[in-house]
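Hi,

Here is the structure I promised to pass on. Have a look at it first, and then read my notes below.

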Amino acid sequence: MKRLLPILFSLIFLRGYAQQSVEHLNFMGRTIDGSSELFISFLEERGFVKNNELESSDSFIGKFANEIVTLTLLTSPKTKTVCKVIVYFPEYQDWVDLKSDYFKKKRLYQSKYLLTDSFEFLSFPYDEGDGYEMRAVAQDKCKFVSFFKVSGGHIGVEICSKFCIKVTYEDDYNIKVARSELQSQAFDDI
């Protein structure tokens, strides 16, 4: 029994240490962890206003990186753990301006984070310079996207089919929690 007690305390200590060592991604200086209620309070303190609410997401309007944006907060279905923050910058009507803003934001993120991958092309039947670039964007044939590896997760900067720049912050640990909860929920349904 005397030998068992130290082993038990060691296991409890190691389990607690392992839970504390999980790194989470930061968004606007705050880690993406905890319940959605806490994160929503943080956003509201920063001036964001709730725009829409669904089962596993909340939408806000506010100021981010000196621009008025729409922000979507994605959460796990059961514990409502924040796993992803998506920022939609203002829309563009013109390809030249949209492309220019993409490269400006890519350079901004690249000055702070490690660029791991980047793709910039239009898919068939579209080519840059053909005058149909915005049609390519609308039909999701525009693949201008850059991925950044950061402590605790990933950031993606891309031109999205909404004619704007979309920046996605995905927390590695919490996305696993969300996937596990979704799988559990599907299992419970069947």
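A quick word on terms before the details: I call a residue buried when its relative accessible area is under 20%, and exposed when that value is over 50%. Please also keep in mind that this is a predicted model.

First, the overall picture. The chain has 5 helices and 10 strands. Of its 190 residues, 38% count as buried. Its accessible surface comes to about 11,700 Å², and 55% of that belongs to carbon and sulfur atoms. If you take the contacts between residues at least 6 apart in sequence, 51% of them join residues at least 24 apart.

Now to strand β10, residues 164-171. How many of its 8 residues are buried? The count is 8 of 8, so the strand is largely enclosed by the rest of the structure. Its side chains point in two directions: C164, K166, T168 and E170 go one way, while I165, V167, Y169 and D171 go the other, and all are buried. Lysine, glutamate and aspartate are thus on the buried list too, as K166, E170 and D171.

Which strands pair with β10? One is β9 (residues 153-160), antiparallel to β10 over 8 bridges. Here I159 has I165 of β10 as its bridge partner. β9 and β10 form a hairpin with 3 residues between them, and F163 in the turn has a positive phi of about 65°. Strand β6 (residues 82-88) also pairs with β10 in the antiparallel sense, over 5 bridges. In that pairing, V87 is matched with V167 of β10.

The other element I looked at is helix α3, residues 95-110. With 16 residues at 1.5 Å each, the helix should span 22 Å, and its end C-alpha atoms are indeed 22 Å apart, so the two agree. The buried residues in α3 are W95, L98, D101, Y102, K105, K106 and Y109. They cover an arc of only 135° around the axis, which means that they sit on the same side of α3. On the face turned away from that buried side you will find the exposed residues V96 and R107. V96 also comes up at the start of the helix, where a side-chain oxygen of D94 reaches to within 3.2 Å of the V96 backbone nitrogen.

If you want a place to start in the viewer, try β10 with its partners β6 and β9, then turn to the two faces of α3, with W95 among the buried residues and R107 among the exposed ones.

Cheers

Notes:
Residues numbered from 1 in each chain as written. Predicted model: local features only at pLDDT ≥ 70, side-chain atom pairs only at ≥ 80, totals over all residues. Heavy atoms only, no water. Helix = DSSP H or I, 4+ residues; strand = E, 2+ residues; numbered from the N terminus. Expected span 1.5 Å × (residues − 1). Buried < 20%, exposed > 50% of the residue type's maximum accessible area, 1.4 Å probe, protein only. Arc of directions from axis to C-beta. Polar contact = N/O pair within 3.5 Å; in protein donor to acceptor, adjacent residues only side chain to side chain. Contact = heavy atoms within 4.5 Å. Areas by Shrake-Rupley, 256 points an atom, 1.4 Å probe, with all protein chains shown as cover. Pairing = 2+ DSSP bridges.
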